[in-house]
Amino acid sequence: MEGDPISSLCTPALVVDINIVKKNAERMIERFKNLGVQLRPHMKTHKTIECADIMTGGSRRCIVVSTLAEACFYADHGFEDILYAYSVPFDKVEHCAALSERLDLFQVLLDHSDALEQLKKRPLQEGRLWHVWLKLDCGNGRAGVLHSGPESLKLAQAIHAAEGVELTGIYAHCGNTYNCKGVEQIQVVAQETTTLTLQFMERLKTVGITCKSSIGSTPSCSHPVKDMAQLSEVHPGNFVFYDVQQITIGSCSLEDVAVRVLTRVIGHSPHRNQLLIDCGWTGLSLDGGGKLPSGYAVVEGHPALKLLSMTQEHGRLEPISGKLDYSKYPLGTMLKLIPYHSCATAVMHPTYYVHSNDRLVGKWTPTRGW
Ligand SMILES: Cc1ncc(COP(=O)(O)O)c(C=O)c1O
């Protein structure tokens, strides 16, 4: 298969442009090296060893994961310094303990005193410490203890004081950058999250605690503000693939998007002015809700087409306006869909087909599950 054109693949198929992946990774590594901030890339977008090697510059150190399946997968492949940045699930404490006892450095995250109690109930062997990040909510409105109230400081102090536990760092995820349009708005949110996190670090200092700080998302790390240089780490992930959502937000441009879903025309429906393709939501996901002017994805090179709807294995394409010219789309025609959200699309595929200039150079197999 190596050397064959991507047009030889059975569809639907997720194809990854290795040259764009490398360029995206190198650019992010360089950007934060220049700022003097440690890049701890998130693995959630691709969940593969090969891409992790590219994102860590081959060091196999200093990564973030969002599932225990990812944590075990990377640990089994010799990765170290893994941060499981998901409010520690109680059913998985024992697994986390095993990873903490096996690796040089495995780190967990929490945002509630009950979770701290769970860790205290399971002391690690050989005098090892639980390395704990406190998750702060700086406006993202998902996980995390509110940055400003007394609770956050109290919890940080409790982690710091707990026997067998170390307060390793403060983690704030500025996922609210996903509501932004344009660099200016992204930088307002990036600045806000940075300022609130740094203010919290100052509050910690007043009670004699120092530890690391980390914020980040692909939009904020694609356009960092100066003050982010005062953080210890950043943790973006999606940037390695990017997608249409990131273009819409203003994080990147079309030439930075590394992934496509290949699909073929499998039906003509002139009575509905539509085409049928062999990519349904199992090949693309429904993320984005079809809100783009082009529906659920962008059809590369065909700006007049809209992916109107999908069922499990079928997609319906129609022209944004006017009558469809079926002579342009004979059955079997291959089309390239640029995904709205590459994390959601990639997770639908058991294999990624890697190419350079449309010639296959390999296959990547991601880990799956939680
Ligand atoms: C906790 C956490 N950290 C880091 C990231 C990486 O952010 P992004 O996907 O914007 O690169 C995510 C993404 O959802 C996340 O949930």
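In this predicted model, a polar backbone atom of Gly237 lies 2.6 Å from an oxygen atom of the ligand. Two side chains also offer polar atoms to the ligand. That of Thr218 places a polar atom 2.6 Å from a ligand oxygen, and that of Arg142 does so at 2.7 Å. With these contacts in view, the wider cover can be considered: on its own the ligand has 380 Å² of accessible area, and the protein covers 93% of it.

The surroundings of the ligand can be followed outward from here. The ligand is found in the largest pocket, with 13 residues around it. Arg142, Thr218 and Gly237 are among the closest of these, and Tyr171 and Tyr178 complete that closest group. By character, the shell is made up of seven polar residues, four nonpolar residues and two charged ones.

A second place worth a visit is the loop that runs between helix H9 (residues 244-249) and strand S11 (residues 259-269), where Ser251 is located. Ser251 has a relative accessibility of 6%, so this residue counts as buried, the limit for that class being under 20%. The side chain of Ser251 also has a partner: a polar contact of 2.6 Å links it with the side chain of Gln246. Ser251 thus combines a loop position with a buried setting and a side-chain contact to Gln246.

How values were computed:
Residues numbered from 1 in each chain as written. Predicted model: local features only at pLDDT ≥ 70, side-chain atom pairs only at ≥ 80, totals over all residues. Heavy atoms only, no water. Near = heavy atom within 4 Å. Polar contact = N/O pair within 3.5 Å; in protein donor to acceptor, adjacent residues only side chain to side chain. Areas by Shrake-Rupley, 256 points an atom, 1.4 Å probe, with all protein chains shown as cover. 1 Å grid on protein atoms, 1.4 Å probe; cavity = no way out; pocket = protein on both sides within 12 Å on 5 of 7 lines; lining within 4 Å. Sits in = over half its atoms within 2 Å of the grid points. Nonpolar A, V, L, I, M, F, W, Y, C, P; charged D, E, K, R; others polar. Helix = DSSP H or I, 4+ residues; strand = E, 2+ residues; numbered from the N terminus. Buried < 20%, exposed > 50% of the residue type's maximum accessible area, 1.4 Å probe, protein only.
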